[in-house]
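I opened the notebook to record, step by step, what I looked up in this structure and what each look-up returned.

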Amino acid sequence: MTTTVHPTGTDSPRPSSGRRSPLSAIAHLRELPVLLALVALILVTWLINPLFLAPQGVKDILLNATIVIILAAGQAIVIITRNVDLSVGSILGLVAFGTGSLFVAVPGIPIIVVILAGMLFGAVLGAINGLLVTLAKVPALVITLGTLYIFRGLNNAWAGGTQFFADDRPQEFGNLSVDTVLGFPLITLIAIVVVVIVAVFMSGTRSGRDLYAIGSDPDAARVFGVPVTRRVLFAFVTNGVLAGLAGVLYTSRFNSVGATTGTGLELDVVAAAVVGGVAIFGGSGSVIGAALGALLLTTITGALTAVRVDKFWQQAIVGLLILAAIVIDRIAAVRTARRLRVSESRDV
Amino acid sequence: MELFANRAKRPGVRRVVSAAALIAAVALVATGCASGGSTGGSSGGGGGGDQTITFIPKQLNNPYTDVVLGGGKDGAKAAGFSKSQVVGPLDASASSQVSFINAETQAGTNVIVIAANDPDAVCSSLKEARDGGAKIVAFDSDTNPKCRDIFISQVVAKDVALIQTKLISEQIGGSGEIAILSATANATNQNEWIKYMEEDLKANYPNIKLVSTVYGDDDDTKSFQEAQGLLQAYPDLKGIISPTTVGIAATARYLSTSEYKGKVALTGLGLPNEMRPFVKDGTVTAFALWDPAQLGYVAAFAGKALADGDITGKKGDKFKAGDLGERTVGEGGTVIVGPPTTFTTDNIDDYDF
């Protein structure tokens with residue numbers, strides 16, 4: 001975000017702040033490529049099919065992106081600590097079905113209570129992931145692959161063939177994803193607020209910066225006195241809370257929730273984070289970037305449909321973007337390393 | 001492995017935690033699978049010449065399938081099977097049914113009733129089952145005819161197609177652009193209906209233009225976004241036909257929450273319980289379906305007649321389907337259950353499935 005010019009010798013935890021002018025700082029933003037791609041994509045699609053930016057079209061783009069934006073923001077926190085959470089699709093499914101059940105079990109329950117309950121439920125599931133990862137010391141990839149199936153299995157056992165439909169829920173709840181303020185659907189506004197809060201936390205607080213330190217080098221972070229276990233657990237719980245929120249909002253937006261809700265979502269979410277400039281090995285990237293990545297990927301799908309491109313190409317293009325993001329990341333890393341070597345030798 | 005070796009602090013605690021986690025994981029997976037894998041199994045010893053029947057739907061936990069299987073369970077009981085059970089995959093992919101068929105072959109099940117996700121992918125394992133003496137009844141979605149004894153079809157495929165083209169024509173006033181939102185691109189029943197719809201449109205509705213056929217894979221989210229994409233890509237679209245219960249419900253949800261509500265017509269095959277709110281709020285005026293429970297019911301009786309050797313599945317064979325009366329095997333070993341029903345705001349409250 002804001003990158004200030006520091007006088008020589010000032011210690012800054014921020015990796016992006018070297019001796020650079022504000023203009024070049026913007027040019028080196030990790031989020032820049034994805035932002036440019038997004039703008040270009042929207043412009044080109046709009047030129048071909050003007051309906052794409054009609055009020056209904058904009059609303060659809062935002063609604064499509066909302067759920068993935070929230071999930072990608074949570075995933076970014078976890079990936080930054082050099083972990084990953086593959087179980088988010090299953091967490092979303094469980095919370096979504098729980099939300100449907102809650103509205104049926106307790107008629108007239110206030111919507112805010114349902115949202116909080118969903119986030120709490122997500123926190124519990126996230127804590128299970130976090131505890132397994134930090135206590136059992138098994139890589140998160142394996143643990144969350146396991147919980148992906150466990151949570152899905154629970155969902156199947158719990159839901160069976162039962163589905164809850166939009167009709168089972170109060171009209172005001174469904175309206176969260178229908179009503180707009182200044183063209184923004186309400187659930188999208190919720191997502192934006194969430195992303196801003198998390199972004200401020202990640203860049204502006206001590207514990208937020210600790211997560212980057214852990215992701216850069218867990219052992220060094222531990223030596224330095226960062227409470228690694230607690231922070232990683234916290235990252236997983238936060239991700240769980242956000243997945244829970246996404247689950248509740250999913251229920252508001254879509255018609256049915258059941259045993260298979262959210263299946264396969266985890267790969268979209270990880271892809272969104274990576275495309276948005278979050279390094280898969282941790283330590284760098286931002287929540288804003290991940291959110292933009294989510295917006296870009298969901299917009300591509302919508303855009304290609306709007307200009308009538310075959311489904312096959314949509315997937316291929318998403319794959320190309322992931323590869324491009326990794327190449328850009330690699331180039332950036334090499335350049336940063338070289339610059340650091342130069343500046344350090346000069347400072348001696 | 002490396003992580004384990006490097007961080008050897010408090011090994012005892014760690015090992016206990018890992019073990020506990022592992023046990024919990026196994027237990028949870030087991031419970032999940034158990035209740036996902038065999039719903040509606042009625043107990044009863046399969047010993048001594050008793051006949052067993054197993055239903056393999058396209059996908060478990062699908063509301064439509066549940067109604068079909070409910071009828072199947074009743075039919076199996078009424079027909080005199082000693083044991084009926086349901087096994088099947090949780091995802092409707094082409095190859096996911098194979099392992100379940102193999103397991104039934106090994107268990108020596110007498111009758112396997114299957115709704116194929118892919119007509120050919122299940123063939124070789126069904127052949128093994130037949131070699132082992134099992135009778136194969138296809139229902140809902142046919143396998144390759146060479147791989148089964150008999151096929152129980154909801155309705156005449158052509159009738160299903162014609163009722164949908166008729167409904168859409170009525171709703172859009174006989175002219176304009178329409179699109180089809182189907183399930184998976186290789187579903188036998190969907191493709192047969194779509195083929196008949198295309199023929200019917202060409203022959204009888206010259207002013208209606210089918211502009212696109214898209215696939216929502218019977219996934220709520222995906223169908224929703226496909227519907228959205230259709231309306232954006234084809235601004236003059238007048239109507240959508242969705243011959244699948246998941247697709248029509250998802251499309252209805254999208255239409256009812258967008259500016260297209262009441263402007264773009266929607267019809268197809270839906271479950272009355274799922275579609276009720278959309279019929280009431282005016283998003284959908286009419287859609288069709290048969291009674292899914294009868295499908296399972298007739299399939300069970302057909303299986304019994306095959307297993308008893310009363311019929312072989314050739315044209316002209318007759319068997320009694322309990323309360324539904326006698327059925328005759330038609331062309332290609334196909335048995336028709338009944339005509340489709342049209343649901344509108346006037347009659348939808350009379351149905352509960």
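I began with residues 53-309 of chain B, whose end C-alpha atoms lie 15 Å apart in this predicted model, and I noted that the span is 47% helix and 19% strand. I had chosen these bounds from UniProt, where an unreviewed entry lists residues 53-309 of chain B as "domain: Periplasmic binding protein".

I then asked how confident the predictor is in chain B, and found a mean pLDDT of 84, with 86% of the residues at 70 or more. Two stretches of chain B stay under 50: residues 1-13, for which the model has four contacts beyond four places in sequence, and residues 28-48, for which it has 37 such contacts. For the model as a whole I wrote down ipTM 0.74 and pTM 0.76.

Next I turned to the nonpolar cores, and recorded that the largest has 198 residues, with Ala72(A) and Ala73(A) making the most contacts inside it. Helix H3 of chain A, residues 55-80, gives the most to this core, namely 16 residues. I also checked chain B, and this core draws at least three residues from each of its domain 1 (52-154 + 292-338) and domain 2 (157-289).

Which residues does Ala73(A) contact, leaving aside its neighbours within four places in sequence? I listed Val194(A), Val195(A), Val198(A), Leu242(A), Val287(A), Ala290(A) and Ala291(A).

I went on to Leu249(A), which I placed in helix H11 of chain A, residues 228-253. Is Leu249(A) buried or exposed? I count Leu249(A) as buried, because it has 29 C-beta neighbours inside 10 Å, where 20 or more are needed. Beyond the neighbours within four places in sequence, Leu249(A) is in contact with Thr66(A), Ile67(A), Ile187(A) and Ile190(A). I also took one longer distance, from Leu249(A) to Asn155(A), which stands 94 residues away along the chain, and their C-alpha atoms are separated by 18 Å.

My last check was on helix H5 of chain A, which has 26 residues, 111-136. At 1.5 Å a residue H5(A) should span 38 Å, and its end C-alpha atoms are 37 Å apart, so I noted that the two values agree. Just after H5(A), I found that Lys137(A) takes a positive phi of about 55°.

Conventions. Residues numbered from 1 in each chain as written. Chains lettered and ligands numbered in written order. Predicted model: local features only at pLDDT ≥ 70, side-chain atom pairs only at ≥ 80, totals over all residues. pLDDT = per-residue confidence, 0-100. Contact = placed C-beta atoms within 7 Å. Helix = DSSP H or I, 4+ residues; strand = E, 2+ residues; numbered from the N terminus. Expected span 1.5 Å × (residues − 1). Core = buried A, V, L, I, M, F, W, Y, C linked by C-beta atoms within 7 Å. Buried ≥ 20, exposed ≤ 12 C-beta atoms within 10 Å, placed from the backbone. Domains from an automatic or database assignment. UniProt positions renumbered as here; feature names shortened; annotations may be inferred.
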